Amino acid sequence: MTSVLAASQRHDGTATAKASAGPSQDRVLEVRGRRDTLLASLSVPEGEGWCLEWNHSVEGFPVLDCYRNDQGQMVLERSHQPDFAAGLGHVPGRGRQVSDGHGGYWIEDIHEPVLGNRYLLRVGSLRVNHRLIHAGKTVSLSELAAGQRVSIELRPMPAP
């Protein structure tokens, strides 16, 4: 797991400089629970990424979906899957599958925009441990909202 996590942090922790005419595309990633309660908030500048990691409910190994702020749009960039277990696998035409060098694989170059910059997640128990990884930090959503439906949304930065 250590090598997979380190690889994901290198991938999504590197900012890319993009010329931009117009308003800033820097965003904040917000996780909201019941009654729209703010559970977590992460600053995500233009070009930076983050991952949602969880333990597979049957096999227990970590799975990663990695996103990026691409000009203000939440985009699924890549996914790490250590095995072809239940619910996992590469869909032809949706990215390309490459070995991770440790018996698992990455699905690279997915480039799939998330409709409305928002999706809903039913947060798993601590055994599943849904967690956000960004800039070397980890936020356990399972510690904050196990069993709850949360929204994960990339929003414009609030005005100073």
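User: Which residue stands opposite L121 in β12?
Analyst: In this predicted model, strand β9 covers residues 118-122 and is an edge strand. β9 and β12 pair in the antiparallel sense over five bridges. Within β12, the residue opposite L121 is V150.

User: What is the strand order of the open sheet of four strands?
Analyst: The pairing in this sheet is antiparallel. Its edge strands are β2 and β9, each of which pairs on one side only. From one strand to the next, the twist averages 20°. The order is β2-β1-β12-β9.

User: How many bridges join β1 to β12, and which residue of β12 stands opposite V28?
Analyst: Strand β12 spans residues 149-156 and runs antiparallel to β1. The two strands are joined by six bridges. Opposite V28 in β12 stands R155.

User: Which residue in the turn between β1 and β2 has a positive phi?
Analyst: Strand β2 comprises residues 38-44 and pairs with β1 in the antiparallel sense over six bridges. One of the bridge partnerships is that of R32 with L38 in β2. The two strands form a hairpin with five residues between them. In its turn, a positive phi of about 50° belongs to R35.

User: Why is strand β1 described as largely enclosed by the rest of the structure?
Analyst: Both faces of the strand are covered. R27, L29 and V31 lie on one side, V28, E30 and R32 lie on the other, and all are buried. Strand β1 is largely enclosed because the number of its six residues that are buried is six.

User: Which residues touch the most other members of the largest nonpolar core?
Analyst: This core has 27 residues. A second, separate core has five residues, including L64, C66, W106 and I133. In the largest core, the residues that touch the most other members are L29, W50, M74, L132, L141 and I152.

User: How far apart are the sulfur atoms of C51 and C66?
Analyst: The structure holds one disulfide, and C51 and C66 form it. The pair links distant parts of the chain, with C51 in strand β3 (residues 49-55) and C66 in strand β4 (residues 62-70), 15 residues apart. Their sulfur atoms are separated by 2.1 Å.

User: Is the link of C51 and C66 right-handed or left-handed?
Analyst: Both C51 and C66 are buried. The angle about the S-S bond is 95°. The link is right-handed.

User: Is R78 buried or exposed?
Analyst: R78 is found in strand β5, which covers residues 73-81. Its relative accessible area is 7%. Since buried means under 20% relative accessible area, R78 is classed as buried.

User: Which residue shares a side-chain polar contact with R78?
Analyst: Strand β5, in which R78 is found, is joined to β7 by three bridges, and the two run antiparallel. In β7, the bridge partner of Q81 is Y105. Through a polar contact of 2.5 Å, the side chain of R78 is joined to that of E108.

User: Which residues of β7 point the other way from Y105 and I107?
Analyst: Strand β7 covers residues 105-108. Y105 and I107 point one way, and the residues on both sides of the strand are buried. Pointing the other way are W106 and E108.

User: Which residue in the turn between β6 and β7 has a positive phi?
Analyst: Four bridges join β6 (residues 96-99) to β7, and the strands run antiparallel. R96 stands opposite E108 in β7. The hairpin of β6 and β7 has five residues between the strands. The turn residue with a positive phi, about 80°, is G101.

Note on methods. Residues are numbered from 1 along each chain as its sequence is written. This is a predicted model: local features need pLDDT of at least 70, side-chain atom pairs count only at pLDDT 80 or more; totals for chains, interfaces and linings use all residues. Side-chain values use heavy atoms; hydrogens and water are left out. A disulfide is a pair of cysteine sulfur atoms within 2.5 Å. Buried means under 20% relative accessible area, exposed over 50%, partly exposed in between (1.4 Å probe, protein chains only). A nonpolar core is a set of buried Ala, Val, Leu, Ile, Met, Phe, Trp, Tyr and Cys residues joined through side-chain atoms within 4.5 Å. A polar contact is a pair of N or O atoms within 3.5 Å; within protein, one must be able to donate a hydrogen and the other to accept it, and residues adjacent in sequence count only if both atoms are side-chain atoms. Two strands pair if DSSP finds at least two bridges between them. Axes are lines fitted to C-alpha atoms, for helices over the stretch in contact, and angles run from 0 to 180 degrees between N-to-C directions.
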